[in-house]
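This briefing is addressed to a structural biologist examining a single protein model. It covers the fold, the sheet, selected residues, unusual backbone geometry and the empty spaces.

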Amino acid sequence: MLKMQPSIIGRATGRGQGASGEEGFALILAVITAILLTLIGLSLTSSSLVEFSMSNEFEAHEKALVVADAAFNRAKNSLRGKDLTTVLSTPTPVPKYINYTEPQPGTHAARNPLFPHEARNVDFDYPPNPVGMRNAFGFLTPPPPYGVQVGSGRFFASISDNEDELPLGLANDPQTDTDYTVYLRVLAVEPATGAEVNTVGSGRKN
């Protein structure tokens, strides 16, 4: 009986160490599993946020296209019966919210009623202080930040001359129309999600 007692005690001690090792392994496995599940959850959340942002951007883009399409016909109808030279030669003070070099008259960029980078980045509901002013010709709508409100968006429209003097051998005059033909540009903006921060200090892009 005395010889068997150490053997029994030894077996009992061995069983206790094995159980402790199994519990430790199970704890490590549980921690690793929890970390993996957390990482998967964070990945799914990040993916969902990106898709949500893309969905909002697409929706705002489609709304802006609808506004621009309707605004084009509205602006075109507003020209009926008007003297185009008078419209082309009438200056409109337009605030500049971003410092940029003004394009030369008659160029593609000069035909836009707004500088596209401004149209993208200025929150016209809460515009920042202007950094300067410019005289724009051919404006058909109130200048920024107003434009013409359509739902939650707005549009700006202007006309520009088509260089109709050049075929006659005359110097181009962007403020005079001789053939009753002009370029009509409409730029519509629709605010995107408020989570986007723009480059001129306000809270969201268009």
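The points below are grouped by topic.

The model is predicted. The protein chain holds 3 helices and 5 strands, and along the sequence these follow the pattern α-α-β-α-β-β-β-β. Of its 206 residues, 32% count as buried.

**Overall organisation**

- Taking contacts in the protein chain between residues at least 6 apart in sequence, 67% join residues at least 24 apart.
- One pair distant in sequence is P91 and F139: 48 residues separate them along the chain, and their C-alpha atoms are 7.9 Å apart in space.

**The open sheet**

- An open sheet is formed by 3 strands in the order β3-β4-β5, with antiparallel pairing.
- The edges are occupied by β3 (148-150) and β5; each has a single partner strand, so one side of each lacks a neighbour in the sheet.
- From one strand to the next, the twist averages 30°.
- The antiparallel strands β4 and β5 are joined by 8 bridges.

**S158 in strand β4**

- S158 belongs to strand β4 and stands opposite R185 in β5.
- With a relative accessibility of 4%, S158 falls under the 20% limit and therefore counts as buried.
- Apart from neighbours within four places in sequence, the contacts of S158 include Y183, L184 and R185.
- S158 is also in contact with R111, N112 and P113, and with G138, F139 and L140.

**P91 in strand β1**

- P91 lies in strand β1, which covers residues 91-96.
- The relative accessible area of P91 is 43%, and this residue is partly exposed.
- When residues up to four places away in sequence are not counted, P91 touches N135, A136 and F137.

**Backbone geometry**

- Most residues other than glycine have a negative phi, and most peptide bonds are trans.
- P144 and P145 are joined by a cis peptide bond, with omega at about 5°.
- P145 is located in the loop between β2 and β3.
- Y180, a residue other than glycine, has a positive phi near 60°.
- Y180 is placed in the loop between β4 and β5, and its relative accessible area of 75% makes this residue exposed.

**The largest pocket**

- The volume of the largest pocket is about 510 Å³.
- Its lining consists of 26 residues, and those nearest the centre are P105, A110, R134, A136 and F137.
- The elements giving two or more residues to this lining are β2 (132-137) and β4 (153-161).
- By residue class, the lining of the largest pocket has 15 nonpolar, 7 polar and 4 charged members.
- A136 and F137, listed among the residues nearest the centre of the largest pocket, are also touched by P91.

**The second largest pocket**

- The second largest pocket has a volume of about 260 Å³.
- It is lined by 16 residues, with H61, A64, A188, V189 and N206 nearest its centre.
- Two or more residues of this lining come from each of α1 (4-78), α3 (116-121) and β5 (182-189).
- The element that gives the most to the lining of the second largest pocket is α1, with 6 residues.
- The lining of the second largest pocket divides into 11 nonpolar, 2 polar and 3 charged residues.

**The cavity**

- Rolling a probe the size of a water molecule over the atoms shows where empty space is left.
- Searching the whole structure yields 1 cavity of 30 Å³ or more.
- The largest cavity has a volume of about 60 Å³.
- Residues lining the largest cavity include D123, F124 and D125, together with S152, G153 and R154.
- V189, E190, P191 and N206 also line the largest cavity.
- The lining of the largest cavity comprises 3 nonpolar, 3 polar and 4 charged residues.
- V189 and N206 line the largest cavity and are also listed among the residues nearest the centre of the second largest pocket.

Conventions. Residues numbered from 1 in each chain as written. Predicted model: local features only at pLDDT ≥ 70, side-chain atom pairs only at ≥ 80, totals over all residues. Heavy atoms only, no water. 1 Å grid on protein atoms, 1.4 Å probe; cavity = no way out; pocket = protein on both sides within 12 Å on 5 of 7 lines; lining within 4 Å. Points joined across faces, edges and corners; volume = space filled by probe spheres on them. Helix = DSSP H or I, 4+ residues; strand = E, 2+ residues; numbered from the N terminus. Nonpolar A, V, L, I, M, F, W, Y, C, P; charged D, E, K, R; others polar. Pairing = 2+ DSSP bridges. Axes fitted to C-alpha atoms, helices over the stretch in contact; angles between N-to-C directions. Buried < 20%, exposed > 50% of the residue type's maximum accessible area, 1.4 Å probe, protein only. Contact = heavy atoms within 4.5 Å.
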